[in-house]
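Trainee: I have a model open and would like to work through it piece by piece. Can we start with the strands and then move out to the whole chain?

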Amino acid sequence: MTSPLPLEPTDVALSDRVTLLAGEARGKYPDGNTVLVAGSEGVVLIDPSLTVHRRGGGPCAVDRILVSHAHEDHMSGISAVIRRSNTTGSVSGALSDGTTIHAHDDDLHCVRDIDELLTSYDMGERETEEWGATLVADFHLDGWPQAEGFADGDVFDLGDIGVTVMHLPGHTRGHSAFLIEPGGVAFVGDVDLSSFGPYYGDHWSELDDFVASIARVRELDMHQYVTFHHKGVIQGRVEFIRQLDAFASVIDRRDERLLTLLETPKTRDELAAAGIIYRPGALPPGWGISVERRSIDMHLARLIRNGLAIEHEGRFSTT
Ligand SMILES: [Zn+2]
């Protein structure tokens with residue numbers, strides 16, 4: 001695959017093999033930034049976004065779609081990519097059995113089945129029904145039972161370039177980054193370096209795993225880092241670490257806020273009403289409160305484990 005790809009003005013060539021298909025508004029949710037890797041023996045598209053859906057699929061036929069994790073915004077373009085690939089045929093000729101879909105083993109059931117995905121959000125009954133309709137109507141999800149699993153360290157060999165899976169759980173259990181070599185490009189998914197900070201508010205999330213994943217990704221030494229949202233492309237490890245440390249520090253600020261709240265004993269309900277994740281007055285209606293509750297529970301568990309908080313007759317306080 002050496003011929004230039006037909007690109008949109010918003011696309012950014014990260015190298016002669018790797019292209020960023022930038023989402024609207026710098027990939028602000030619900031959009032996001034997709035990465036195309038075109039090797040000598042295959043084409044991979046990572047996290048097809050709503051923008052990819054709007055442009056009718058990838059800029060060329062795609063052999064494999066890699067999904068960093070099973071969230072709606074990272075899968076919105078899958079159907080369009082498959083449709084376009086089926087009509088244009090394989091660019092590389094390496095694969096003849098159509099576009100395949102791949103996600104980490106721990107998230108795979110949520111890619112295969114929308115009902116499983118809905119369960120992972122752990123919403124109330126009414127919210128689940130409404131959200132299920134939104135996933136189909138606005139995010140173009142379908143449930144892809146043919147999707148295949150991958151694990152940490154798996155390599156997708158595209159001839160003169162390869163994509164290696166790096167499991168970074170926490171945001172979801174299967175959340176993974178992709179390391180594209182040669183060239184030194186890391187796609188870090190929803191380790192998105194946003195000022196909001198790490199998101200671990202779903203049933204399928206875990207604070208401790210997110211903390212460990214930040215430590216692991218901090219060891220990476222790549223030329224370019226790509227986030228799905230907001231930041232887009234970050235040049236070099238020094239700048240990546242600066243932004244990663246700022247992102248991680250939000251977790252400490254949430255701890256500090258919680259410890260301040262715990263100076264007088266409070267119930268879980270009182271803590272959730274006060275909030276540590278969303279700014280006062282900014283709690284998303286419907287599901288926001290359950291995100292606060294789950295996140296606070298995980299922070300409380302850590303503070304208790306570290307001897308900084310105690311529980312007594314249903315109330316939590318500092319020690
Ligand atoms: Zn996500």
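Trainee: Which residue stands opposite Ile46 in β5?

Mentor: This is a predicted model, so what follows describes a prediction. β4 pairs with strand β5 (residues 64–67) in the parallel sense, over three bridges. Within that pairing, the residue opposite Ile46 is Leu66.

Trainee: Which residue of β3 stands opposite Val44 in β4?

Mentor: Strand β3 (residues 34–39) runs antiparallel to β4, and five bridges join them. The two form a hairpin with two residues between the strands. Opposite Val44 stands Val37.

Trainee: How many residues of β4 are buried?

Mentor: Gly42, Val44 and Ile46 point one way from β4, while Val43 and Leu45 point the other way. Residues on both sides are buried. For strand β4 (residues 42–46), which is mostly covered, the count is five of its five residues.

Trainee: Which are the edge strands of the seven-stranded sheet?

Mentor: The sheet is open, its pairing is mixed, and its order is β1-β2-β3-β4-β5-β6-β7. The twist from one strand to the next averages 25°. An edge strand pairs on one side only, and that applies to β1 (11–13) and β7 (148–150).

Trainee: What is the bridge partner of Ala13 in β2?

Mentor: β1 and strand β2 (residues 18–21) run antiparallel. Three bridges join them. The partner of Ala13 in β2 is Thr19.

Trainee: Which side chains of β9 point to the buried face?

Mentor: In a regular strand the side chains alternate between the two faces of the sheet. Strand β9 (residues 162–167) follows such an alternation, with Gly162, Thr164 and Met166 on the face where the residues are not buried. The buried ones, pointing to the other face, are Val163, Val165 and His167.

Trainee: Which residue in the hairpin of β8 and β9 takes a positive phi?

Mentor: Strand β8 (residues 155–157) is joined to β9 by three bridges, and the two run antiparallel. Phe156 stands opposite Val163 in this pair. The hairpin has four residues between the strands, and the positive phi, near 85°, belongs to Gly159.

Trainee: Which residue of β10 stands opposite His167?

Mentor: β9 also pairs with strand β10 (residues 176–181), in the antiparallel sense. That pairing extends over six bridges. Opposite His167 in β10 stands Ser176.

Trainee: What is the phi of Gly183 in the turn between β10 and β11?

Mentor: β10 is joined to strand β11 (residues 185–187) by three bridges, and the strands run antiparallel. Ile180 stands opposite Val185 in β11. The hairpin of β10 and β11 has three residues between the strands, and in its turn Gly183 has a positive phi of about 125°.

Trainee: Is His53 buried, partly exposed or exposed?

Mentor: His53 lies in helix α1 (residues 50–54). Leaving aside residues up to four places away in sequence, His53 touches Ser76, Gly77, Ala80 and His140. A residue needs 20 or more other C-beta atoms within 10 Å to count as buried, and 12 or fewer to count as exposed. His53 has 19, so it is partly exposed.

Trainee: How far apart in space are His53 and Pro198?

Mentor: In sequence the two residues are 145 residues apart. Taken C-alpha to C-alpha, the distance in space between His53 and Pro198 is 27 Å.

Trainee: How many residues of domain 2 are in contact with domain 1?

Mentor: The protein is divided into domain 1 (11–248) and domain 2 (262–318). Their C-alpha centres lie 31 Å apart. The side of domain 1 that touches domain 2 divides into three nonpolar, one polar and two charged residues. Domain 1 contributes six residues to the contact, and the number from domain 2 is 10.

Trainee: What is the radius of gyration of the protein?

Mentor: The protein has nine helices and 15 strands. The globule rule gives 20 Å for 319 residues, and the protein comes close to that, so it is as compact as a globular protein of that length. Its radius of gyration is 20 Å.

Trainee: What percentage of the residues count as buried?

Mentor: The C-alpha atoms fill a box of roughly 65 × 45 × 30 Å along the principal axes. Among contacts between residues at least 6 apart in sequence, 62% join residues at least 24 apart. Of the 319 residues, the share that counts as buried is 44%.

Notes: Residues are numbered from 1 along each chain as its sequence is written. This is a predicted model: local features need pLDDT of at least 70, side-chain atom pairs count only at pLDDT 80 or more; totals for chains, interfaces and linings use all residues. Domain bounds come from an automatic or database domain assignment. Two residues are in contact if their C-beta atoms, placed from the backbone, lie within 7 Å. Ala, Val, Leu, Ile, Met, Phe, Trp, Tyr, Cys and Pro count as nonpolar, Asp, Glu, Lys and Arg as charged, and the others, Gly among them, as polar. Two strands pair if DSSP finds at least two bridges between them. Axes are lines fitted to C-alpha atoms, for helices over the stretch in contact, and angles run from 0 to 180 degrees between N-to-C directions. The radius of gyration is taken over C-alpha atoms; the globule rule is 2.2 Å times the number of residues to the power 0.38.
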